[in-house]
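Thanks for asking me to look this one over. My notes follow as numbered points, so you can read them beside the structure.

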Amino acid sequence: MHRYAANDPIWRLANNYLQSSTSGRLGKACFQCHAGTAFVSDNTKPTFEFSELPDLVREGVTCDFCHVLRPPFVTTDQHIQYTLSPGKTKYGTLGNPVPAGVHEHGYEASYDRSEVCRQCHDLIMNHVPVEITVTEWQNSPWGAMSVECQKCHMSTYSGTAAAGGPVRENLHRHDFVGADVAMTDFPNKPEQRAAVDSMLKNAVTMTFDAPASAAVNDSLNVAIHVYNDKTGHNVPTSVFFFRQMWIEVTVFNGTDTVYRSGYLDANGDLMDNNSALRKNEDRDLTIFGGTLYKNGEESNVFELDSLVNNSIPPFATRTGNYGFRIPRAGTWSVGVRLLFRPFGPYLFRALGGEEYIAELPIFEMQTAGSVIDVR
Ligand code: HEC
Ligand code: HEC
Ligand code: HEC
Ligand code: HEC
């Protein structure tokens, strides 16, 4: 996804939107991590269409940028402090590199550790920890066990590191699969979606408690537990305030549905505070995202003084509770799904990017079901 960082329409829309809502105070802040080369070489624009950006900028987080990063890697507090050694030498962990005449090789042990990801994946704004994936990881058992980011996001394979080089056993995949998908033309789009789907299916474990039998009109409760047993940081992490991960529950008998939560309104939005049509009508909705605030009002990454984060830390469980009554006897099914999408349609509408809504996928992370025998 690093190549997409400065091709992502939502990044452009958010930059342009914030630039006008802050009367230009945003400066080149959004280029810092999404297009580092542009940032350090002052090749940025306050607001832009992609066609106006040089190719160098649209290459996003490039090979050349990552492979000249040097320590110290410190958490970003609004203004990123890169230590770069631009030039002929590219740094990495490859042992015994073969001289190819294209560039020189420098050994830098941190490339095998989470540290090298920190500057872009750990962001504090106005003293509020906003996108702190590396800190979440560091404070978890994964950090304590030194299961680095690379272990899950750069799986190893054998092959050649460069055309004509020797076969090596310990090369690293560079797709950096996460939770985001390309919304515009991009190489291997179907494969990328399939990889995200598989990542999300292997992120958490869902279990649930429901009664097996009941009397007509009993007050019933279903409790659904989501356990973050496989992800090295919170789920969702980073831009958790945009991500939507939620539980869908349906109690039905054939076509007769007596209860549901986690459904979408006619705009495709969840019926929480962001619904334009049925605001907060889904009272039981469990969504693992969050909200940023400034002076008690909902705000954005650039201007905030507090936040609510409902994501699930590593090895923690969060539970959604659903209360209902079943008014008719019969064998009723309880269907449960844990769903995920990178963004809700409301965000695209707010930023003026309606044309991308149709591209939004919904990933099914987990499913479960049971029956209640009602007499
Ligand atoms: C400290 C580095 C950093 C800065 C500064 C930064 N971002 Fe990001 N941004 C990231 C990272 C890392 C991700 C990927 C996080 C993820 O996928 O969860 C990201 C993801 C995003 C996304 C979601 C794209 C996706 O993955 O689906 C948007 C939108 C976004 N950023 C907008 C902005 C805007 C607007 C600004 C300027 C206010 C900004 N970013 C500044 C690091 C940064
Ligand atoms: C034990 C495996 C594991 C480790 C270690 C790990 N991740 Fe992840 N990561 C995942 C899984 C699974 C997902 C998909 C679930 C999710 O979106 O949170 C993911 C998702 C992400 C995302 C997209 C998240 C989102 O919701 O937008 C980013 C960004 C990310 N990881 C960065 C990192 C960084 C940086 C590190 C090191 C500090 C790291 N990961 C360590 C397994 C891991
Ligand atoms: C987001 C940062 C990042 C970007 C972008 C990136 N790399 Fe890497 N690359 C790494 C890291 C980190 C490692 C080392 C992983 C390890 O040792 O655990 C690595 C390893 C390598 C290696 C050593 C062999 C291997 O697979 O371990 C080569 C060669 C390489 N990268 C080339 C490239 C090229 C070419 C590009 C652009 C197409 C690129 N990298 C883009 C971070 C990056
Ligand atoms: C120079 C800044 C930079 C560095 C260094 C960097 N990243 Fe990223 N990374 C980003 C940005 C920006 C994005 C968001 C791209 C997008 O979706 O628009 C991103 C996206 C990702 C994603 C995909 C997230 C998603 O939701 O799909 C993963 C996974 C990830 N990075 C892991 C890593 C790991 C692991 C490292 C260290 C080896 C690393 N990154 C180093 C800036 C960086």
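How do the residues of the shell around ligand 4 divide into nonpolar, polar and charged? Keep in mind as you read that this is a predicted model.

1. **The shell of ligand 4.** To take that question straight away, the shell around ligand 4 holds 14 nonpolar, eight polar and two charged residues. There are 24 residues around ligand 4, and those that come nearest are Cys117, Cys120, Cys149, Gly178 and Asp180. As for secondary structure, at least two residues of this shell come from each of α2, α5 (63-66), α6 (118-121) and α9.

2. **The shell of ligand 2.** Ligand 2 is surrounded by 28 residues, with Cys149, Cys152, Gly178, Gly232 and Pro236 the closest. You will have met Cys149 and Gly178 above, where they are among the residues nearest to ligand 4. Helix α9 (149-153) supplies at least two residues of the shell around ligand 2, as do α7 (133-138) and α10 (189-201). The largest share comes from α9, with four residues. By class, the shell around ligand 2 has 14 nonpolar, 11 polar and three charged residues. Domain 1 (2-184) and domain 2 (198-374) each give at least three residues to the shell around ligand 2.

3. **The shell of ligand 1.** Of the 25 residues around ligand 1, the nearest are Ala14, Cys30, Cys33, Asp180 and Ser238. Two or more residues of this shell come from each of α1, α2 and α6. Helix α1 makes the largest contribution, five residues. The shell around ligand 1 divides into 15 nonpolar, eight polar and two charged residues. Where does ligand 1 lie relative to domain 1 and domain 2? Ligand 1 lies between them, because both domain 1 (2-184) and domain 2 (198-374) give residues to its shell.

4. **The nonpolar cores.** The largest nonpolar core contains 40 residues, and Ala5, Ala35 and Val301 have the most contacts inside it. Helices α1 (9-21), α2 (31-34), α3 (36-40) and α7 each supply at least two residues of this core, and so do strands β6 (122-125) and β7 (128-132). This core also draws at least three residues from each of domain 1 (2-184) and domain 2 (198-374). If you would like one residue to look at here, pick Val301: setting aside its neighbours within four places in sequence, Val301 is in contact with Met125, Val130 and Leu292. There is a second, separate core of 35 residues, which includes Leu200, Ala203, Leu220 and Ile326.

5. **The three-stranded sheet.** An open sheet is made of three strands in the order β16-β15-β17, with antiparallel pairing. Strands β16 (297-298) and β17 (306-309) are the edges, and each pairs on one side only. Strand β15 (residues 290-294) is joined to β16 by two bridges. Lys294 stands opposite Glu297 of β16.

6. **The β8 and β9 hairpin.** Is strand β8 largely buried or in the open? Strand β8 (residues 156-160) lies largely in the open, because the number buried among its five residues is zero. Four bridges join β8 to strand β9 (residues 167-172), and the two run antiparallel. Thr160 has Val167 of β9 as its bridge partner. Six residues lie between the strands of this hairpin, in which Gly164 takes a positive phi near 85 degrees.

Conventions:
Residues are numbered from 1 along each chain as its sequence is written. Chains are lettered from A and ligands numbered from 1 in the order in which they are written. This is a predicted model: local features need pLDDT of at least 70, side-chain atom pairs count only at pLDDT 80 or more; totals for chains, interfaces and linings use all residues. A residue is near a molecule or strand if its C-beta atom, placed from the backbone, lies within 6 Å of it. Ala, Val, Leu, Ile, Met, Phe, Trp, Tyr, Cys and Pro count as nonpolar, Asp, Glu, Lys and Arg as charged, and the others, Gly among them, as polar. Domain bounds come from an automatic or database domain assignment. A nonpolar core is a set of buried Ala, Val, Leu, Ile, Met, Phe, Trp, Tyr and Cys residues joined through C-beta atoms within 7 Å. A residue is buried if 20 or more other C-beta atoms lie within 10 Å of its own, exposed if 12 or fewer, and partly exposed in between; C-beta atoms are placed from the backbone. Two residues are in contact if their C-beta atoms, placed from the backbone, lie within 7 Å. Two strands pair if DSSP finds at least two bridges between them.
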